[in-house]
Amino acid sequence: MPKKTGIVKDQRYLQHSAGAYHPESPERLAAVHAILDKPAIAQKFIQLAPREATHKEIEMIHAPSYVEYIASTAGKDCVYLDPDTATSPESYEIAKLAVGGLLTAIDAVMQKKVDNAFALVRPPGHHAEYDRAAGFCIFNNVAIGALHAIKKYNLKKILIVDWDLHHGNGTQHSFEDDPRVLYFSTHQYPYYPGTGSLQEIGRGKGEGYTINVPLSTGADDAAFVKIFRKILKPAALQYKPDFVLLSAGFDTYFQDPLGGMRVTPKGFAALTRIMLDIAESCCEGRFVVVLEGGYHVMGLAESIKAVLEEMRGDTVCAEERLAAMEKEAGAVADNVIKQVTAKIKPYWNA
Ligand SMILES: [Zn+2]
């Protein structure tokens, strides 16, 4: 039996423009839609209609004054929020729709309308901080999503995995001292935004609940699979999340113009399977993906298709296949696994 996989897909997400020639372009989602709209594929997934998030929901993570500031950009041609992040007249509305798209996906899973879901939204979110936009991000979709799941459904523990090329500084900072969220990130390092060192493990009550895996360029499918199996999986199974969220950036794709990683669509499917297994073991398979980066337009579309097929169970990257992939990982992966497992040893048996 295939799983019921929801997709939040809406033409309005193409209305936000960060400026001509900006890598975070509407063409990214247009390419994804073109693949998913093919009749043979479209009928496989359950369309979920997004709503706009309210200020109250956004203010679970962001300063009210910041939300007002973004609201004040509505209707204006172009406002630069940071050197990389600009708005178009529609951005305020579409940023609210991006948050709301993820909340819709989470609600659909919690209310068992679907087994899992992918929110195909833009602008992305994981760099957005409490009171400022950063790195193409306006509101921190995944951070708001985690608190929504906690508050609306009384969940106790949320796992956020962030495989985007870049470190999710905003997400980490939102939950640094909060054990209700385990944040696990793999990212190119040192690189934008500069955070995400091995030393950043959370603080206060959240100490140990941030796991950073900083990577040099060149990490491939095998390296990522091994890192997910040797670090993420054991830690996650001990944490026993009530819900699994994935900040899915596809800028680790082997041809991405902004990144230096070598992940292929098969690799993304394999990593998805590892997370589906975690969700199956811990929380009845509750798993929601939200789009972050990914700037090779065709690569993005192919990779998202591969992830969705794995979520639905059209492809199943079996345990033997994962084990075989892991064996291909090189010494660089082993080295970072050794460093991270040593660092998190006081908290997790990885
Ligand atoms: Zn990124």
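## A tour from Glu284 inwards

Glu284 is partly exposed, with 13 other C-beta atoms within 10 Å. A count of 12 or fewer would make a residue exposed and 20 or more would make it buried, so Glu284 falls in between. The model you are looking at is a predicted one. Glu284 sits in the loop between α9 and β10, and its phi is near 55°, a positive value in a residue other than glycine.

**The sheet**

From that loop we can step to β10 and the sheet it belongs to. Eight strands make up an open sheet with parallel pairing, and their order is β2-β1-β5-β10-β9-β6-β7-β8. At the edges are β2 (46-48) and β8, each of which pairs on one side only. On average, neighbouring strands of the sheet are turned by 15° against each other, direction ignored. Here are some of the pairings, each with one pair of residues to look for.

| Strand pair | Bridges | Residues standing opposite |
|---|---|---|
| β5 (116-119) and β10 (287-291) | four bridges | Asn116 and Phe287 |
| β9 (243-248) and β10 | five bridges | Ala248 and Leu291 |
| β6 (158-162) and β9 | five bridges | Ile160 and Leu245 |
| β7 (181-188) and β8 (210-215) | six bridges | Phe184 and Ile211 |

How much of strand β9 is covered? Six of the six residues in β9 are buried. In a regular strand, side chains alternate between the two faces of the sheet. In β9, one side carries Phe243, Leu245 and Ser247, the other carries Val244, Leu246 and Ala248, and both faces are covered.

Is the edge strand β8 enclosed or open? Six of the six residues of β8 are buried, so the strand is largely enclosed by the rest of the structure. Both of its faces are covered too, with Thr210, Asn212 and Pro214 buried on one side and Ile211, Val213 and Leu215 buried on the other.

**Helices with a buried face**

Helix α1 (residues 26-36) has Arg28, Leu29, Val32 and Leu36 as buried residues. Looking down the axis of α1, these buried residues fall within an arc of 85°, so they line one face of the helix. Glu27 and Ala34 are exposed on the other side of α1. Among the elements that cover the buried residues of α1 are β1 (5-8), α2 (39-42) and α10 (297-312).

Helix α4 (residues 64-71) can be read in a similar way. Its buried residues are Tyr66, Val67 and Ile70. They lie within an arc of 100° when seen down the axis of α4, so they line one face of that helix. Pro64, Ser65 and Glu68 are exposed on the other side. The buried residues of α4 pack against α3 (55-58) and α5 (91-110).

**Two helices side by side**

Helices α8 (residues 221-239) and α9 (residues 265-283) pack with their axes 10 Å apart, at an angle of about 10°. That angle makes α8 roughly parallel to α9. On the α8 side, the contact includes Phe224, Val225 and Phe228; on the α9 side, it includes Ala270, Leu271 and Ile274. The residues of this contact divide into 10 nonpolar, two polar and four charged. Among the contact residues you will find Asp221, Arg229 and Lys233 of α8 and Lys266 of α9.

**The loop between β5 and α6**

This loop is worth a slower look. Cys137 has its place here, ahead of α6 (141-153). Is Cys137 buried or exposed? Cys137 is buried, with 31 other C-beta atoms within 10 Å. Leaving aside neighbours within four places in sequence, its contacts include Thr85, Pro123, His126, His127 and Gly170. Cys137 and His127 are 10 residues apart in sequence, and the distance in space is 5.8 Å from C-alpha to C-alpha.

Phe136 also lies in the loop between β5 and α6. Its phi is near 75°, which is positive although the residue is not a glycine. Phe136 is buried, with 25 other C-beta atoms within 10 Å.

Which peptide bond is cis with omega near 0°? The bond from Arg122 to Pro123 is, and Pro123 is found in the loop between β5 and α6. A cis peptide bond also joins Tyr192 and Pro193, with omega about 5°. Pro193 lies in the loop between β7 and β8.

Terms used. Residues are numbered from 1 along each chain as its sequence is written. This is a predicted model: local features need pLDDT of at least 70, side-chain atom pairs count only at pLDDT 80 or more; totals for chains, interfaces and linings use all residues. The arc is that of the directions from the helix axis to the C-beta atoms. Two residues are in contact if their C-beta atoms, placed from the backbone, lie within 7 Å. Axes are lines fitted to C-alpha atoms, for helices over the stretch in contact, and angles run from 0 to 180 degrees between N-to-C directions. Angles under 35 degrees count as roughly parallel, over 145 as roughly antiparallel, 65 to 115 as roughly perpendicular and the rest as oblique. Ala, Val, Leu, Ile, Met, Phe, Trp, Tyr, Cys and Pro count as nonpolar, Asp, Glu, Lys and Arg as charged, and the others, Gly among them, as polar. Two strands pair if DSSP finds at least two bridges between them.
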